[in-house]
Amino acid sequence: MTESARLKSLVLSSLLLAVFVGAWHLATLPKAPAQSAPAGKSAEYAALVGAQAAAGQKSAFPTPADFGAKLVEHLKDPFYDKGANDKGIGVQLAYSIGRVLLGFLLAALVAVPLGFLIGMSPLVYRALDPFVQVLKPISPLAWMPLALFTLKDSNVSAVFVIFVCSIWPMLINTAFGVASVRREWLNVARTLEVSSLRKAFAVILPAAAPTIMTGMRISIGIAWLVIVAAEMLVGGTGIGYFVWNEWNNLSITNILSGILAIGLVGMALDFVFGRLQRAVTYVE
Amino acid sequence: MSFLQIQGLAKRFGAAVVFEDVSFSIEKGEFVAIIGHSGCGKTTILNILAGLDTASGGVVVMDGREVAGPSLERGVVFQGHALMPWLSAMSNIAFAVKSRWPDWNRLQIQMHCQKFIDLVGLTGAEHKKPAQLSGGMKQRVGIARAFAIQPKMLLLDEPFGALDALTRGVIQDELVGICAATHQTVFMITHDVDESILLADKILLMSNGPNACVAEIVHNTIAKPRDRHTIHHDPQYYRIRNHLVDFLVNRSKLYQSGEAKRPALPPVVRPGLESAAAKVINLRH
């Protein structure tokens with residue numbers, strides 16, 4: 001893309017944001033009093049409903065300015081910890097990211113070797129296929145009660161749910177990538193009498209790496225979607241719990257801050273895995 | 001006993017016979033080309049020699065040992081170069097060298113690879129990925145990789161098929177030079193009659209498949225060194241060439257129907273020389 005085209009798209013993006021914020025601002029402007037109080041009774045009415053309400057209805061939904069102020073507040077001190085129900089948004093995000101990475105890593109440790117096995121052996125592929133087909137469409141949250149019952153720890157259960165949801169894309173992509181390694185590269189390895197272990201690491205792994213990384217990128221995306229819901233269920237810590245807790249507090253600005261933070265972290269995770277994917281991609 | 005002996009080689013899929021009763025031998029240092037129409041099983045024969053495919057019948061003996069499975073003693077140059085696209089030219093060759101001499105250190109491997117990169121004229125392109133190389137350069141890397149492990153025998157599966165005529169000529173010259181210098185034993189598949197006359201000492205002619213056989217062994221009577229620029233002035237050149245073309249165009253299809261008899265051992269033919277006496281008589285007229 002040329003420099004000017006990039007600039008144009010940036011201007012257009014800014015414009016769209018401005019329109020969105022403007023519309024939001026207009027929609028949340030204080031309304032005129034719902035009805036003018038009956039004459040002569042205004043003082044009484046004001047005393048009953050409160051001066052603010054009588055003067056005009058302030059929207060329950062925060063204005064962009066309210067939200068901006070809240071954001072600045074969060075950014076000023078994201079890592080404070082004042083007890084179970086009052087932690088900085090940074091601390092909550094760190095808990096969530098930690099759970100996602102732990103569950104994702106455990107899933108990778110299982111999915112990549114198992115995917116190798118499935119991809120290399122048509123027998124194992126056919127044997128495991130029915131299980132994969134049944135287990136894959138199960139919502140990871142459906143495992144939650146079972147996890148809580150057997151693991152008896154909400155934290156471990158949340159990690160387990162991440163593990164379950166990240167495993168399938170990685171498993172299927174690894175198996176597919178390994179199974180579709182070009183025959184001729186394997187023949188080169190065969191004519192060079194390369195050992196199975198070296199063949200796996202020096203030929204099959206780099207050949208299948210782009211497909212495996214695609215699976216990992218999909219997995220981390222799903223894991224980040226699922227952690228929010230999982231934390232709403234298990235509670236305690238994490239950005240999902242934060243959002244649910246602020247719903248109970250009826251703090252819409254905090255909910256909005258949480259939503260924005262979820263989006264930004266998700267984007268960052270995808271960016272990192274996109275980079276990793278590009279690093280292992282080769283041109284044929 | 002010859003360096004490589006092939007006896008009664010056959011490949012069948014159920015009742016379908018690809019080829020049968022293929023017997024020939026290759027001497028040490030000899031360059032043998034096999035020529036025939038698509039589907040006659042040339043590549044299958046090469047893959048069996050490489051150990052990548054198994055025969056339905058017959059034996060292959062190299063250097064007194066039966067060929068069973070792939071071996072570093074037989075280097076293969078694949079039709080589609082088969083370079084690993086995530087490795088540079090140098091690393092592709094180093095992968096093979098490391099397989100051959102696992103105990104070598106990094107410097108030894110690099111020096112050895114560089115020698116073969118220089119040999120095929122790729123100096124300066126060592127660190128390029130295959131995608132950054134032209135078709136001819138890729139095939140050169142494939143040739144360097146096969147030569148670098150210094151196998152007892154080299155198997156070339158139509159190595160220049162995908163190249164333009166100019167590049168093909170240049171690499172053919174290089175191959176002639178390398179083979180002359182190393183006395184390499186080579187078995188090559190080709191579709192190109194001129195290429196086979198330039199490179200090969202013996203040319204195996206295969207009849208059409210299915211049910212193919214090696215119909216004749218043509219001895220190349222043009223003495224080495226054969227030069228691409230002057231070879232067509234040799235009086236033998238067109239006699240051999242006409243014989244090969246005549247076989248491919250007219251005679252290769254006669255073996256299936258039984259119009260031509262399938263030989264138990266393919267006859268050795270020296271085009272131009274056997275009928276030399278007859279030719280002399282013709283010239284007098």
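# A tour of chain B: two domains, a neighbour and a central strand

Begin by selecting chain B in this predicted model, where 13 residues of domain 1 of chain B are in contact with eleven residues of domain 2 of chain B. To see which parts of the chain supply the domain 1 side of this contact, select α1 (42-50) and β7 (153-157) of chain B, each of which supplies at least two of its residues. The largest share of that side, four residues, comes from β7(B). If you then colour the side of domain 1 that touches domain 2 by residue class, you should find nine nonpolar, two polar and two charged residues.

Now step back and colour the two domains themselves. Domain 1 of chain B is made of the segments 4-67, 154-164 and 184-284, while domain 2 of chain B covers 74-150. When the centres of these two domains are taken over C-alpha atoms, 29 Å separate them.

Next, bring chain A into view, and look for the place where 17 residues of chain B are in contact with 15 residues of chain A. On the chain B side, select β6 (74-77) and α2 (89-100), which are the elements that give two or more residues to this contact. Of the elements of chain B, α2(B) gives the most to the side that touches chain A, with three residues. The residues on this side of chain B divide into 13 nonpolar, three polar and one charged.

Return now to β7(B), the strand that you met at the contact between the domains, and ask how many of its residues are buried. Five of its five residues are buried, and the strand is therefore described as mostly covered by the definition of burial, 20 or more other C-beta atoms within 10 Å of a residue's own. Select M153(B), L155(B) and D157(B) to see one side of the strand, and then L154(B) and L156(B) to see the other, since both faces are covered and all of these residues are buried.

Which strands lie beside β7(B)? One is β6(B), which runs parallel to β7(B) and is joined to it by four bridges; here you can select V77(B), which stands opposite L156(B) in β7(B). Another is β8 (residues 185-190) of chain B, which pairs with β7(B) in the parallel sense over five bridges, and in this pair M153(B) stands opposite T185(B) in β8(B). To finish, follow the chain from β7(B) through helix α5 (residues 165-182) of chain B to β8(B), tracing a β-α-β crossover that is right-handed.

Note on methods: Residues are numbered from 1 along each chain as its sequence is written. Chains are lettered from A and ligands numbered from 1 in the order in which they are written. This is a predicted model: local features need pLDDT of at least 70, side-chain atom pairs count only at pLDDT 80 or more; totals for chains, interfaces and linings use all residues. Domain bounds come from an automatic or database domain assignment. Two residues are in contact if their C-beta atoms, placed from the backbone, lie within 7 Å. Ala, Val, Leu, Ile, Met, Phe, Trp, Tyr, Cys and Pro count as nonpolar, Asp, Glu, Lys and Arg as charged, and the others, Gly among them, as polar. A residue is buried if 20 or more other C-beta atoms lie within 10 Å of its own, exposed if 12 or fewer, and partly exposed in between; C-beta atoms are placed from the backbone. Two strands pair if DSSP finds at least two bridges between them. A crossover is right-handed if, with the strands pointing away from the viewer, the path from the first strand over the helix to the second runs clockwise.
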